[in-house]
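Q: Could you walk me through how the labels for this model are earned?

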Amino acid sequence: MGVADSRAHGNRAAPSALKTPGIRVAPSLLAADFSRLAEQVVEIERAGATLLHLDIMDGHFVPNISFGLPVIESLRRRTKLFFDAHLMIDEPARYAGDFLRAGCDHITFHIEATLPGGLAASSFAPKHARRGGSATGKRPSSHSPRATPLKEPEVETAPVSAASPDRSGGKPHSPEEAHSDDRYDSDRLEIAPAGRSPGARPPLGRTLHKSGFARARAEAEALIREVQSLGGSAGICLNPATPVEAIEPLLKTVELVLVMSVWPGFGGQAFMPETLEKVRQLRSRLRPDQRLEIDGGISAGTVGLAVRAGADTLVAGSAVFGAPDPAQAYAGLVQLARDAAHQ
Ligand code: DX5
Ligand code: ZN
């Protein structure tokens, strides 16, 4: 089924859903009760939501797996909400068309995912890879010593700020623990269920080394064009440690920029206020028809900070679907966000 065919069933949002300036809250399906997806989606649509944030995780770019094309295809038949897909996957160009054909209206991908980095560059890579080992992430064989020095990866693991609060949603950990290599050995990786915190282990993620900016931008530019030529809108996302500079020349070409306010991969983490500086920087660089989205840890306590920094599209997972009454929680967040915008 092509994009045009899937449009033909008429259950798609107006393509302008992201165009109009103003505040909107995008409930994230990741925090919904997966045994009652359609019911929960209809509930927030009735409460006035216009878009639904869909977190796609592949277990490579982020250490978690969420849901994929069949879930989106099924939900497409049940709602007219604008589907805002957030691809937390390696090789996003390989799948963007499929997600549009499944019914997504918009595709956001990570600039850090556009370069072949694979496991060797990710936070849960084997220790030897992070210390300059195999670029493929495979354990080098003791029988095949390397003749040539290994190239520095262009995509790197970002350090945890020693000043950062507990972002895991679990018990607090010390900076020493966070920096201990042993805690991130792939052999010890604990995969948490989608939408749940991994417990005491703080999630880390990829960031882009300056030497990779030009190549990543070229890949990203081609993907943005492809998404738009297929009838979708395109967004680009920055992990917490990736600077605005990495995507600067692409800003005029996208419909949306997404700033991660947690390390991607899990819902229910604590908001990282240090990411607001990027929101401020981006606000002055975007046109009124472009959206500035923020994702992670948005709640009644943080939504005002995000809006005052310049975000207009606020992703909220736990704060909406984790609440006893998601419709009421959604309405409350919208109100708080609009109040903050008028201050
Ligand atoms: C995290 C996802 C988020 C997540 C947000 O990797 O990109 O969209 O659903 O969840 P909360 O709002 O609970 O932080
Ligand atoms: Zn997301």
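A: Happily! Helices (H or I, at least four residues) and strands (E, at least two) are DSSP runs, numbered from the N terminus. This is a predicted model, where local features need pLDDT of at least 70, side-chain atom pairs count only at pLDDT 80 or more, and totals for chains, interfaces and linings use all residues. Residues are numbered from 1 along each chain as its sequence is written, and side-chain values use heavy atoms, with hydrogens and water left out.

Q: Which strand gives the most to the shell around ligand 1?
A: Strand S2 does, with three residues.

Q: What makes a residue count as near ligand 1?
A: One of its heavy atoms must lie within 4 Å of the ligand. Of the 20 residues around ligand 1, Asp55, Gly265, Asp295, Gly317 and Ser318 come nearest.

Q: Why is the approach of Asp55 to ligand 1 called a polar contact?
A: A polar contact is a pair of N or O atoms within 3.5 Å; within protein, one must be able to donate a hydrogen and the other to accept it, and residues adjacent in sequence count only if both atoms are side-chain atoms. A polar side-chain atom of Asp55 is 2.8 Å from a ligand 1 oxygen, and one of His86 is 3.2 Å from a ligand 1 oxygen. For Gly297, a polar backbone atom lies 2.8 Å from an oxygen of ligand 1.

Q: Why is the pair of Phe34 and Phe67 called edge-to-face?
A: Rings of Phe, Tyr and Trp (its six-membered ring) pair if their centres lie within 6.5 Å; planes under 30 degrees apart count as stacked, over 60 as edge-to-face and the rest as tilted. The structure holds one aromatic pair. Phe34 and Phe67 have ring centres 5.9 Å apart and planes at 80°, so the pair is edge-to-face.

Methods:
Chains lettered and ligands numbered in written order.
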